[in-house]
Amino acid sequence: MMNASAAPLPPLQLAAYVAPGLLERQGIFLAASLRAFGQHLAGLPLRFYCPCPPADFAPQALRIFQDCGVTLCPLSIPTALLEFPYAAKVFAAAQAEADVLQAADPPTLVWLDPDTFFQKAPLAFALPPSAALAYRPVMHNVIGPLYGQPLDAFWETIFSACGVPHQRLFPMQTVIDQVQLYPYFNDGLLVLRPQLGLLHAWLQEFTRLYQHPDLLPLYAHKRLYAIFVHQAVLAGVLLARLAPEQMLLLPPDHNYPLNLYARDQTPNRPARLEPLTTFRFEDVFENPAWEEGFPAGAELRAWIRQWIFWH
């Protein structure tokens, strides 16, 4: 593969799902960090998909979105699905893909969770010709299927319903606890070719399967299955439609989980956040004492402080 810095990136479209409250506050950092630290890619177009009118957001958040050139896109979701864990994200991802496909020459789509913080230009978002998808694994194992072990009823139902060929299963190591799983992709950073319709398929399969009669008893037994079924279905969709050689593992300096920093005992644990390309922060900045033990220098700390308006 050509070194990413040796050639300009093809057109990219960044998109995320936001809603009033925590997700809107996360989106502030996504937009502002991209514009401040994205280097020659700081001007990449950014769309936020939201299931509410703009007036529902805090006025200061709206001003920041406008100043950062964010396009707010309305999203219509059935009420029943809006109340199911993460269903809105799946709808938003499919809508982002459909919108990108309106272009005569659709750009590469980068689907992000709004708690993404940019530290430098994301050069690895350039997909080589052989790749249809770039991804990071899940951060730690909560419900993942252990590689080499028989699939449990939850994963067997999803993989079977999605039509996953057994030969496409390969080991994937989690980021923090280094557990070997069957492929289980983090849905907070996906770089993909919209022409393949992967996110549309994610929505189709999710709405078909999230209340599958074989899954409902499992939700009642273990609530985490309901919380993460959207991400499990994503794995089924990707494995059913892509061969392993079409998938590109992004470097560990992408999508690093700051919220799990204290648990990270791996060689990839950064001494400081500044060298990372992107990190994920979840609710770290909701804590007024977020600076205690924060692995960054004074300049980044000061920059973050100026964007926190809700404490």
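The paragraphs below lead through selected features of this structure, which is a predicted model.

The pockets offer a starting point. The largest pocket has a volume of about 840 Å³. Its lining consists of 33 residues, and those nearest the centre of this pocket are Y86, K89, D113, F228 and E282. Several secondary-structure elements take part in this lining: the helices α1 (22-37), α4 (87-100) and α8 (223-241), together with the strands β4 (108-112) and β9 (185-192), each supply at least two residues. The largest share comes from α8, which contributes four residues. In chemical character, the lining of the largest pocket divides into 20 nonpolar, six polar and seven charged residues.

The second largest pocket has a volume of about 220 Å³. It is lined by 13 residues, and the closest to its centre are L258, N259, Y261, V284 and E292. Sorted by class, the lining of the second largest pocket holds eight nonpolar, three polar and two charged residues.

Attention may now turn to a single residue, D187. This residue is found in strand β9, one of the elements that supply at least two residues to the lining of the largest pocket. Is D187 buried or exposed? D187 has a relative accessible area of 3% and is therefore buried, since the limit for a buried residue is under 20%. Two polar contacts involve the side chain of D187. One, of 3.2 Å, joins it to the side chain of K89, and another, of 3.0 Å, joins it to the side chain of H230. K89 is also among the residues that lie nearest the centre of the largest pocket. When neighbours within four places in sequence are left aside, D187 is in contact with K89, W111, D113, W202, H230, Q231 and L234.

The cysteines C50 and C52 present a question of bonding. A disulfide is a covalent bond between the sulfur atoms of two cysteines. Why is C50 not bonded to C52 in this way? The closest cysteine sulfur to that of C50 belongs to C52, and it is 5.0 Å away, which is too far for a bond; the rule applied here requires the two sulfur atoms to be within 2.5 Å. C52 likewise is in no disulfide, as its nearest cysteine sulfur is that of C50. By this rule the model has zero disulfides. Both residues lie under the 20% limit for burial: C50 counts as buried because its relative accessibility is 3%, and C52 is buried because its relative accessible area is 14%.

Two further residues, both in helices, illustrate accessibility. T157 lies in helix α5, which spans residues 153-162. T157 counts as buried because its relative accessibility is 14%. Apart from residues up to four places away in sequence, T157 touches H212, D214 and L215. A36, by contrast, has its place in helix α1 and is partly exposed, because its relative accessible area is 41%, a value that falls between the limits of 20% and 50%.

A36 also allows position in sequence to be set beside position in space. A36 and A96 are separated by 60 residues in sequence, and their C-alpha atoms are 24 Å apart in space. Helix α1, where A36 is placed, is one of the elements that supply at least two residues to the lining of the largest pocket.

Note on methods: Residues are numbered from 1 along each chain as its sequence is written. This is a predicted model: local features need pLDDT of at least 70, side-chain atom pairs count only at pLDDT 80 or more; totals for chains, interfaces and linings use all residues. Side-chain values use heavy atoms; hydrogens and water are left out. Buried means under 20% relative accessible area, exposed over 50%, partly exposed in between (1.4 Å probe, protein chains only). Contact means heavy atoms within 4.5 Å. On a 1 Å grid over the protein atoms alone, a cavity is a set of points where a 1.4 Å probe fits but cannot get out, and a pocket is an open set with protein on both sides within 12 Å along at least five of seven lines; lining residues have an atom within 4 Å of a point. Grid points are joined across faces, edges and corners, and a volume is the space filled by probe spheres set on the points. Ala, Val, Leu, Ile, Met, Phe, Trp, Tyr, Cys and Pro count as nonpolar, Asp, Glu, Lys and Arg as charged, and the others, Gly among them, as polar. A polar contact is a pair of N or O atoms within 3.5 Å; within protein, one must be able to donate a hydrogen and the other to accept it, and residues adjacent in sequence count only if both atoms are side-chain atoms.
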